[in-house]
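Got your viewer open and ready? Let's take a walk through this model together, one selection at a time.

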Amino acid sequence: QAVLEYGNKISSDDGDSIIPQIIETLRNSKADDVIGAPGALSPSVASYAMVVQANSQRHMSVLSARVRKTMKRARAERAGDPRLFNVVAVDGRDSDLWSVIVGGDVAVHVLSPEGSEMYQLADTLRMLARGEEPEEWRLALLSDNV
């Protein structure tokens, strides 16, 4: 799968995936920008990453809460399926910039406008999905090896 951008082609080949439900939740909650790609950002935590930009800090809190609720509802609906969301974890709940909700193999990063500008996760995810590596990462690796 390539980068999926909100408003363009959004699909999932996996019929058991929670991704369509998350996309629908975000669409109904007026998310500004939704980008996703498999195996990016934190592959040790989740096999699929999404980056969502909210239009305010309050909107960020609402989006995070709704995504968490969607993941928990999916877990309840699929009780007994060992692949499903055994854990719905939230980090950054009290942050004004960023939060991440992890359920099963999906990590959803929700950023306020300020957080989006500071962290540049959407740009990083686009680069990783194209097989590119951000320059800062290469520089960090070089400095670690010196």
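## First stop: just past a helix

Start by selecting Gly131, which sits just after α4 and takes a positive phi of about 85 degrees. Before going further, keep in mind that you are looking at a predicted model.

Now step back into the helix itself, α4, which covers residues 121–129. Which of its residues are buried? Select Leu121, Ala122, Thr124, Leu125 and Arg126: these are buried in α4. Asp123 is another story, being partly exposed with a relative accessible area of 38%.

## Zoom out for a moment

Show the whole chain as a cartoon. You should find five helices and six strands. Trace the protein from the N terminus and the elements come in the order β-α-β-β-α-β-β-β-α-α-α.

Try coloring by accessibility next. Of the 146 residues in the protein, 37% are buried. If you switch on a surface, the protein exposes about 8200 Å², and carbon and sulfur atoms supply 49% of that area.

How much of the contact map is long-range? Among contacts with a separation of 6 or more, residues 24 or more positions apart account for 55%.

## Salt bridges around Arg126

Back to α4. Select Asp123 and Arg126 and show their side chains: they form a salt bridge, with the closest N and O atoms 3.4 Å apart. The two residues are three apart in helix α4, so about one helical turn separates them. That spacing fits a general pattern: an α-helix has 3.6 residues a turn, so residues three or four places apart point the same way.

Keep Arg126 on screen and add Asp33. Here is another salt bridge, this one with its closest N and O atoms 3.7 Å apart. The pair links distant parts of the chain, since Asp33 belongs to strand β2 (residues 33–38) while Arg126 is in helix α4, 93 residues away. Asp33 is partly exposed, at a relative accessible area of 23%.

Now show Asp33, Asp123 and Arg126 together. Salt bridges that share partners join these residues into one network.

How many salt bridges are there in total? The count comes to three, and one of them is still to visit.

## Over to helix α1

Select helix α1, residues 19–28. Inside α1, pick out Glu24 and Arg27, a salt-bridged pair whose closest N and O atoms are 3.5 Å apart. Being three residues apart in α1, Glu24 and Arg27 are separated by about one helical turn. Both ends of this bridge are partly exposed: Glu24 has 36% relative accessibility, and Arg27 has 35%.

## Two loops with unusual backbones

A bit of background first: most residues other than glycine have a negative phi.

With that in mind, move into the loop between α1 and β2 and select Lys30. Lys30 is not a glycine, yet it has a positive phi of about 65 degrees. Is Lys30 buried or exposed? It is exposed, with a relative accessible area of 60%.

Next, jump to the loop between α3 (113–119) and α4, where you will find Gln120. Gln120 also has a positive phi without being a glycine, with a value near 55 degrees. Gln120 is partly exposed, at a relative accessible area of 34%.

## A look at strand β4

Select strand β4, residues 88–91, and pick Val90 within it. Val90 is partly exposed, with a relative accessible area of 25%. What does Val90 touch, leaving out residues up to four places away in sequence? Its contacts are Arg68, Val100 and Ile101.

For a distance check, draw a line from the C-alpha of Val90 to the C-alpha of Ala107. It should read 9.6 Å, for two residues that are 17 apart in sequence.

## Last stop: a positive patch

Finish by selecting Arg58, Arg66, Lys69 and Arg73, which form a positive surface patch. Arg58 lies in helix α2, residues 57–77. Why can Arg58 be part of a surface patch? Patch members need over 30% relative accessible area and no salt bridge. Arg58 clears that accessibility cut-off because it is exposed, at 64%.

Key
Residues numbered from 1 in each chain as written. Predicted model: local features only at pLDDT ≥ 70, side-chain atom pairs only at ≥ 80, totals over all residues. Heavy atoms only, no water. Patch = residues over 30% accessible without salt bridge, like charges linked within 9 Å, V, L, I, M, F, W, Y side chains within 5 Å. Areas by Shrake-Rupley, 256 points an atom, 1.4 Å probe, with all protein chains shown as cover. Salt bridge = Lys/Arg side-chain N within 4 Å of Asp/Glu carboxyl O. Lys, Arg positive; Asp, Glu negative; His and termini not counted. Charge placed at Lys NZ, Arg CZ, Asp CG, Glu CD. Helix = DSSP H or I, 4+ residues; strand = E, 2+ residues; numbered from the N terminus. Buried < 20%, exposed > 50% of the residue type's maximum accessible area, 1.4 Å probe, protein only. Contact = heavy atoms within 4.5 Å.
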